[in-house]
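Good morning, everyone. Please look at the chain on the screen while I go through its surface, its core and its aromatic rings.

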Amino acid sequence: MQLAYETLLKLNNVSRTEMNIFLQCVRYQDDQGQVIGAYYRYFMKLLGFKSKQTFYNVLRSLSEKKLLTKRTQYIIECL
């Protein structure tokens, strides 16, 4: 798992759920920084939240904070 220093600075203002999803994405990213096959049910089961809307809200929030980019339905890119 690799994080750039500037990315660490951005992590000061994220919620616990955002941090958990972000760290899971960083953990499973490939060499290009992409998480392929990211499915909301996996994150729901792993992190214990109840609705799929929580997953999509967190993705949107992390995208606005320029930490992740949702490229397609199942591909997330870690910035």
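How much area does the chain expose, and what share of it do carbon and sulfur atoms supply? The chain exposes about 5400 Å², and carbon and sulfur atoms supply 49% of that area, where accessible areas come from the Shrake-Rupley method with a 1.4 Å probe and, for residues, only the protein chains shown count as cover. Please keep in mind that this is a predicted model, in which local features need pLDDT of at least 70 and side-chain atom pairs count only at pLDDT 80 or more, while totals for chains, interfaces and linings use all residues. Residues are numbered from 1 along each chain as its sequence is written, and side-chain values use heavy atoms, with hydrogens and water left out.

Now to the inside. Of the 79 residues in the chain, 33% are buried, meaning under 20% relative accessible area, with exposed being over 50% and partly exposed in between (1.4 Å probe, protein chains only).

Let me turn to the rings, which pair if the centres of Phe, Tyr or Trp rings (for Trp, the six-membered ring) lie within 6.5 Å, and count as stacked with planes under 30 degrees apart, edge-to-face over 60 and tilted for the rest. By this rule there are six aromatic pairs. One of them is tilted and joins Tyr40 to Tyr56, at 6.1 Å centre to centre with 50 degrees between the planes. Tyr40 is buried at 12% relative accessible area, whereas Tyr56 is partly exposed at 25%. Tyr56 also forms an edge-to-face pair with Phe55, at 5.2 Å and 75 degrees, and Phe55 is buried at 2% relative accessibility.
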